[in-house]
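You asked for a few notes to get you started on this one. Here they are, in numbered points, to be read with the model open beside you.

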Amino acid sequence: DLILRKDEEYAFVEVKKSDDHARAASRIGGRQIVRICNAALEYCGRLPTGLLTAMRFDAALVDRLGRVEIVESAFGMN
């Protein structure tokens, strides 16, 4: 859903909304993880540093009140 950059590191962020943060997290399934990982590989593959680019996969969880919880390295692949 989002691609963010700080210095030379890229964060690929899956955003999910539900009644609470736990339910939002449970909505991130294998299909979304594969999709965001493939998008990251394609995106970084076009950068000068290619697949050696520092990257991580985060989740932004939004509850019914609009509060956001950021989970860095949410997919355990970094």
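1. Start at D19. In this predicted model, D19 is partly exposed, because its relative accessible area of 37% lies between the 20% limit for buried and the 50% limit for exposed. You'll find D19 in the loop between β2 and α1, the helix of residues 21-26. Setting aside neighbours within four places in sequence, D19 is in contact with D63 and R64. For a sense of scale, try T53: D19 and T53 are 34 residues apart in sequence, and their C-alpha atoms are 35 Å apart in space.

2. What does D19 pair with? D19 forms a salt bridge with R23, and the closest N and O atoms there are 3.1 Å apart. R23 also meets the side chain of D20 in a salt bridge, this time at 3.9 Å from N to O. How accessible are these partners? R23 counts as partly exposed, with 45% relative accessibility, and D20 is partly exposed too, at 28%.

3. Now look at D63, which came up above as a contact of D19. Is D63 buried or exposed? D63 is buried, since its relative accessible area is 3%, under the 20% cut-off. D63 also has a salt bridge, with R67, where the closest N and O atoms are 2.6 Å apart.

4. The salt bridges don't stop there: the count for the model comes to nine. Worth picking out is a network that links E9, R56, D58 and E72. One of these, E9, has a strand role as well, with A54 of β3 as its bridge partner.

5. On to the strands. How do β1 and β2 pair? They run in the antiparallel sense, over five bridges. One pairing to check by eye is L2, whose bridge partner in β2 is V13. The two strands form a hairpin with two residues between them. β2 and β3, by contrast, run parallel and are joined by nine bridges. Then β3 pairs with β4 in the antiparallel sense over four bridges, with L61 standing opposite E69 of β4.

6. Have a look at β3 (54-62) on its own. Why can it be called largely enclosed by the rest of the structure? Because eight of the nine residues of β3 are buried.

7. What sits in the middle of the nonpolar packing? The largest nonpolar core has 14 residues, and those with the most contacts inside it are F12, I36, M55 and F57. β2 (9-17), α2 (30-45) and β3 (54-62) each supply at least two residues of this core. F12 is a good one to click on. Leaving aside neighbours within four places in sequence, the contacts of F12 include I36, M55 and F57. Other contacts of F12 are L2, I3, A40, Y43, C44, R56 and D58.

8. Not everything nonpolar is tucked away. L2, L4 and V15 make a nonpolar surface patch of about 230 Å². L4 belongs to strand β1, residues 2-6. L4 is partly exposed, with a relative accessible area of 45%, so it passes the 30% required of a patch residue. L2 turns up in both settings: in this patch and among the contacts of F12.

9. Last, a few backbone angles to check. Where is D7? It is found in the loop between β1 and β2, and its phi is near 55°, a positive value in a residue other than glycine. D7 is exposed, with a relative accessible area of 60%. S73 is another non-glycine residue with a positive phi, of about 50°. S73 is found in the segment after β4 (68-71) and is partly exposed, at 34%. In the hairpin of β3 and β4, which has five residues between the strands, G66 takes a positive phi near 85°.

Notes
Residues numbered from 1 in each chain as written. Predicted model: local features only at pLDDT ≥ 70, side-chain atom pairs only at ≥ 80, totals over all residues. Heavy atoms only, no water. Patch = residues over 30% accessible without salt bridge, like charges linked within 9 Å, V, L, I, M, F, W, Y side chains within 5 Å. Areas by Shrake-Rupley, 256 points an atom, 1.4 Å probe, with all protein chains shown as cover. Salt bridge = Lys/Arg side-chain N within 4 Å of Asp/Glu carboxyl O. Buried < 20%, exposed > 50% of the residue type's maximum accessible area, 1.4 Å probe, protein only. Core = buried A, V, L, I, M, F, W, Y, C linked by side-chain atoms within 4.5 Å. Contact = heavy atoms within 4.5 Å. Pairing = 2+ DSSP bridges.
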